[in-house]
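Trainee: I would like to go through some labels in this structure and ask what stands behind each of them.

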Amino acid sequence: MATPEYIREGLRQIASSHAPAVSNIAQVKSVDEEKAICILIDEDGQEYLDVRLRPVLTGNKSFIQIPTIGSYVLAVRVEDDDDWMVIACDEVEKFYWKTGTANLELSDKIHMEANGKNFAKLVDTLFDVIRDMKFTTNYGPTINLINLADFEKLRNEFKSLLK
């Protein structure tokens, strides 16, 4: 028969060996993109506040994914702390990737910059230059772009893709 001391020691061992969960799949309740945090709700309805969207709190945006509200994410504990961080998303609203001189953002449009140049602005400038080009043919200089409507349609398709 077990003594009360033996039972107490057994309960103490069980309590000390039960470590908190190190990962969790939860649903996104809200997102604060500026602070790079979100609120998650697990399957038991418990809310996890201020869950990080980036690992360190320096404010740098080297890599960050913004999960869609209502989607599911995988969050892990940061070291042995009570802080949590999203490491994978079921559905992403926006995605940033920034290096020293380049910046990429994917959302409803694509935004790319590198070395101070914006890709969307460069494409728009390219369309302006092509539209305004004049050529000399065997019959003299050209006056108008013959397929201007097709050209403008293509330009607008690029504008719907790039930001």
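Mentor: Start with contact, which means heavy atoms within 4.5 Å. Leaving aside neighbours within four places in sequence, Asp 42 is in contact with Asn 24, Ile 25, Ala 26 and Tyr 48. This is a predicted model, where local features need pLDDT of at least 70, side-chain atom pairs count only at pLDDT 80 or more, and totals for chains, interfaces and linings use all residues. Residues are numbered from 1 along each chain as its sequence is written, and side-chain values use heavy atoms, with hydrogens and water left out.

Trainee: Why is the pair Asp 124 and Lys 159 called a salt bridge?

Mentor: The term requires a side-chain nitrogen of Lys or Arg within 4 Å of a carboxyl oxygen of Asp or Glu. For Asp 124 and Lys 159 the N to O distance is 3.8 Å, so the pair meets the rule.

Trainee: What makes Arg 155 buried, and Asp 128 partly exposed?

Mentor: Buried means under 20% relative accessible area, exposed over 50%, and partly exposed in between (1.4 Å probe, protein chains only). Arg 155 has 6%, so Arg 155 is buried. Asp 128 has 27%, so Asp 128 is partly exposed. Asp 128 lies in helix 2 and Arg 155 in helix 3, so their pair ties together parts that are 27 residues apart in sequence. Helices here are DSSP runs (H or I, at least four residues), numbered from the N terminus.

Trainee: How do you know that Asp 128 and Arg 155 form a salt bridge?

Mentor: Their closest N and O atoms are 2.3 Å apart, so they too satisfy the cut-off.

Definitions and conventions. Helices (H or I, at least four residues) and strands (E, at least two) are DSSP runs, numbered from the N terminus.
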